[in-house]
Amino acid sequence: MSATPTPPSASAPVQAPTGTVHAPRGVLVDLGPLAQLRAGRLARRLPQLYVGLFLYGVSLAMMVRGALGLAPWDVLHSGFIRHVPMTLGQAVVLFSFVVLVLWVPLREMPGIGTISNALVVGVSADLTLAVLDRPEDLWARIALMVGGVALCGLASALYIGAQLGRGPRDGLMTGLSRRTGLSLRLVRTALEVVVVVIGLLLGGKLGIGTVVYALAIGPLTQLMLPRLTVDVMAPEED
């Protein structure tokens, strides 16, 4: 799923005795797959990753049951399943791996969080949809939509702050930005416009919730990320 805010600033790193440095406090570090696992604090980072991914799926389901519009990528997913015998969660998983194929020419490296993202979010969404019904009252649907967006901001900060790899869609965005030299904001906007248009052509669900998500998810994630970013150790640079 897509939520990549600007990393918070912090003080200079401090030398560690094991050939690594402590990354500046509260700062996201770009680590390879093995370095992610060697960066320490896995007892904190792994549970945080999976809680964040599970809650991301719950937030997706809340917006679906609110029926007031979905996040941009979910507009695509909801349109796609109108034409194939597949659940929404299964479509999320399928498109996650399709996007990962696009990482190959961009030379992006997946981590444990990347693969986990591709699997857990869709499963969590389907589990939540199985037990959460659509309410009849408009106020309850609005509450589900707003709560879904807020929960997605928290979930994004949790899994990003675990520092175990970008999600498939985030990696596509950062890879395209690096390869083209365009800003992350511009690349993200272009990607989301493309997926929304394709989703609408397929019959996907666009609404006020889509606008609320687009405007709120970045600031919400940025607000919560500093407190949820786990400090790790990074390989010492020569």
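Me: Where does Ala 150 sit in this protein, and is Ala 150 buried, partly exposed or exposed?

Reply: In this predicted model, the place of Ala 150 is in helix H6. To judge burial, one compares the relative accessible area with two cut-offs, under 20% for buried and over 50% for exposed; Ala 150 has 34% relative accessibility and therefore counts as partly exposed.

Me: Which residues does Ala 150 touch, once residues up to four places away in sequence are left out?

Reply: With those sequence neighbours set aside, Ala 150 touches Leu 220 and Met 224. A further relation can be read from the backbone, where the C-alpha atoms of Ala 150 and Ser 59 are separated by 8.1 Å, although the two residues are 91 residues apart along the chain.

Me: Leu 220 and Met 224 are listed among the H9 residues of a helix contact, so how should I describe the way in which H6 and H9 cross?

Reply: One reads the separation of the axes, then the angle, then the handedness. The axes of helix H6, residues 138-161, and helix H9, residues 208-228, come within 7 Å and cross at roughly 40°. H6 and H9 are therefore oblique to each other, and H6 passes H9 in a right-handed crossing. On the H6 side the contact includes Met 145, Val 149, Ala 150 and Leu 154, while the H9 side includes Val 212, Tyr 213, Leu 220 and Met 224.

Me: How many residues of that contact are nonpolar, polar or charged?

Reply: The residues in the contact of H6 with H9 divide into 17 nonpolar, five polar and no charged.

Me: Where, then, should I look for charged pairs, and how many salt bridges are counted?

Reply: The general idea is that side chains of opposite charge can pair when their charged atoms come close. The count here comes to three salt bridges. In one of them Arg 166 pairs with Glu 108, with the closest N and O atoms 3.3 Å apart. Arg 166 lies in the loop between H6 and helix H7 (168-180), whereas Glu 108 lies in the loop between helix H4 (88-106) and helix H5 (112-131), so this pair ties together parts that are 58 residues apart in sequence.

Me: What other salt bridge does Glu 108 make?

Reply: The side chain of Glu 108 also meets that of Arg 178 in a salt bridge, at 2.3 Å from N to O. Because Arg 178 lies in helix H7 and Glu 108 in the loop between H4 and H5, the pair ties together parts that are 70 residues apart in sequence. The accessibilities are worth reading alongside: Glu 108 is buried, at a relative accessible area of 8%, while Arg 166 is partly exposed at 29% and Arg 178 is partly exposed at 46%.

Me: Where do the partners Glu 192 and Arg 188 lie, and which residues are joined into a network?

Reply: Glu 192 and Arg 188 both lie in helix H8, residues 184-201, where they are four residues apart, about one turn of the helix. Their side chains meet in a salt bridge of 3.1 Å from N to O, and both residues are buried. Through salt bridges that share partners, Glu 108, Arg 166 and Arg 178 are joined into one network.

Me: How many helices and strands does the whole protein have, and what share of its residues is buried?

Reply: The protein has nine helices and three strands, which follow the pattern β-β-α-α-α-α-α-α-α-α-α-β along the sequence. Buried residues make up 49% of the 238 residues. Among contacts with a separation of 6 or more, 81% are between residues 24 or more positions apart.

Conventions
Residues numbered from 1 in each chain as written. Predicted model: local features only at pLDDT ≥ 70, side-chain atom pairs only at ≥ 80, totals over all residues. Heavy atoms only, no water. Axes fitted to C-alpha atoms, helices over the stretch in contact; angles between N-to-C directions. Helix = DSSP H or I, 4+ residues; strand = E, 2+ residues; numbered from the N terminus. Parallel < 35°, antiparallel > 145°, perpendicular 65-115°, else oblique. Left-handed = near helix turned anticlockwise from the far one by under 90°. Contact = heavy atoms within 4.5 Å. Nonpolar A, V, L, I, M, F, W, Y, C, P; charged D, E, K, R; others polar. Salt bridge = Lys/Arg side-chain N within 4 Å of Asp/Glu carboxyl O. Buried < 20%, exposed > 50% of the residue type's maximum accessible area, 1.4 Å probe, protein only.
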